Amino acid sequence: MAIPVIMDCDPGIDDAFSLAMAIAADDLNILGVTTTYGNVGLSYTTANALRILDWFGSDIPVYPGIDRALLGKLVDASEYHGATGLEAPEIGPPTNSPQAEDAVSFLIRTLQASQEKITIVASGPLTNLAVMLRLAPDVTSKIERIVFMGGSTDYGNDSPAAEFNMLCDPHAAQIILDANVPKTMFGLNVTHQAIATPARVRAMRDLGNDTGRVFADMSVFFEKVYRERYGFEGSALHDPCTVAWLLKPELFETRRMRVDVETNSGLSFGRTVHDIWNIAGNSCHTDVALNANVDGFFALLTDLLSRLR
Ligand code: BDR
Ligand code: CA
């Protein structure tokens, strides 16, 4: 039986990889894609989600989400992803339209009506999911797990302390971290291991299909800041770690711990705090990814891309 999932995302280049992997995987059944502001504004992320799905010939519905943080000021990551969030000319403008229903209503309706628990894969700011939990706390009983990219056990990327998705909306993130649902977290400490080196990008291109070529080009576009700022050999494929873990959890080492996020202003605003020794004695329901089998991750990614157009 395929795992039912809802993908909450802000595509975004690495979000696009994540969507492609989920579409290709027989073991996942995508019930819907919900969009959030994040890498770029909501109108772009929604259009980009539709562009990707259209290009793959998928009619999975796309529900536009909330366009700003609960409290924080708007930041974006267009420096990494380009002005539109997905500078991939071959993936044309969307032909399908977003649904009239908003993301939060879709999430609540779908979870409440579902006979089975649903997994939520979140690869952007957590605003939609936080509002969902505030409006309908009962949905926690229908959530199998929230698998999210965000935070870090060590340093940040959008501030010295904080990772981008967390920094976008730390208050929303804290609502999710407090929720009594199982969670798996992919922070920069592990996603910065998933580097699309030239050899790995070549392997995508050598697949010989449209997807391999277009996604190889997208990773080359994405790597500029990673090379210049971090001295990495290529781009970091953050968001696809979530889907890879769902399909092959053995690729990652995880450890359960309490995670919180700094919501007070100051140097550490948006930083995740990891109670690895359970010093505070609080409930622990976040499985934090610590290490990845990187070759295994790229083998899975390349295999999934090979199954697409
Ligand atoms: C995260 O921020 C975004 O730019 C990426 O899509 C990823 O979700 C990495 O910090
Ligand atoms: Ca993202």
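So, one term before we start: a residue counts as exposed when its relative accessible area is over 50%, and as buried when that value is under 20%. Keep that in mind for Ala-113, which sits in helix α4. Ala-113 has a relative accessibility of 56%, so it counts as exposed. And please remember throughout that what we're looking at is a predicted model.

While we're on Ala-113, have a look at Val-139 too. The two are 26 residues apart in sequence, and their C-alpha atoms are 9.7 Å apart in space.

Okay, on to the sheet. How many strands does it have, and in what order? It's an open sheet of nine strands, and the order goes β3-β2-β1-β4-β5-β6-β11-β9-β10, with mixed pairing. β3, residues 62–64, and β10 are the edge strands; each has a single partner, so one side of each has no neighbour in the sheet. From one strand to the next, the twist averages 30 degrees.

Quick reminder for anyone new to this: strands in a sheet pair through backbone hydrogen bonds, and they can do that parallel or antiparallel.

Here we get both. β6, which is residues 183–186, pairs with β11 in the parallel sense, over three bridges. In that pairing, Lys-183 stands opposite Thr-286 of β11. β11 also pairs with β9, this time antiparallel and over six bridges, and there you'll find Arg-255 facing Val-288 of β11. Then β9 goes on to pair with β10, again antiparallel, over four bridges. Val-261 is opposite Thr-272 of β10 in that one.

Let me stop at Thr-286 in β11 for a second. Is Thr-286 buried or exposed? Buried: its relative accessible area is 1%, and the cut-off for buried is under 20%. Leaving out residues up to four places away in sequence, Thr-286 touches a whole list of others, among them Phe-148, Leu-177, Met-185 and Arg-256.

Arg-256 is in strand β9. With the same kind of sequence neighbours left out, up to four places away, Arg-256 touches Arg-145, Cys-284, Thr-286 and Asp-287. Compare that with Thr-45: it is 211 residues from Arg-256 along the chain, and the two C-alpha atoms are separated by 32 Å.

Now the helices. Back to α4, residues 103–113: this helix lies across β1, β2, β3, β4 and β5, and it runs at about 150 degrees to β2. Helix α11, residues 240–247, packs on the sheet as well, touching β1, β2, β4, β5, β6 and β9, and its direction makes about 140 degrees with that of β5.

Then there's α5, residues 127–135. Which of the residues in α5 are buried? Those are Thr-127, Asn-128, Leu-129, Ala-130, Met-132 and Leu-133. What covers them includes β1, β2, α4, β4, β5 and α7, the last of these being residues 170–178.

Last stop, the surface. Ile-276, Trp-277 and Ile-279 make a nonpolar patch of about 380 Å². Ile-276 is in the loop between β10, residues 272–275, and β11, residues 286–292. With a relative accessible area of 34%, Ile-276 is partly exposed, because that value falls between the 20% and 50% cut-offs.

That's my tour, thanks.

Terms used
Residues numbered from 1 in each chain as written. Chains lettered and ligands numbered in written order. Predicted model: local features only at pLDDT ≥ 70, side-chain atom pairs only at ≥ 80, totals over all residues. Heavy atoms only, no water. Patch = residues over 30% accessible without salt bridge, like charges linked within 9 Å, V, L, I, M, F, W, Y side chains within 5 Å. Areas by Shrake-Rupley, 256 points an atom, 1.4 Å probe, with all protein chains shown as cover. Salt bridge = Lys/Arg side-chain N within 4 Å of Asp/Glu carboxyl O. Helix = DSSP H or I, 4+ residues; strand = E, 2+ residues; numbered from the N terminus. Buried < 20%, exposed > 50% of the residue type's maximum accessible area, 1.4 Å probe, protein only. Pairing = 2+ DSSP bridges. Axes fitted to C-alpha atoms, helices over the stretch in contact; angles between N-to-C directions. Contact = heavy atoms within 4.5 Å.
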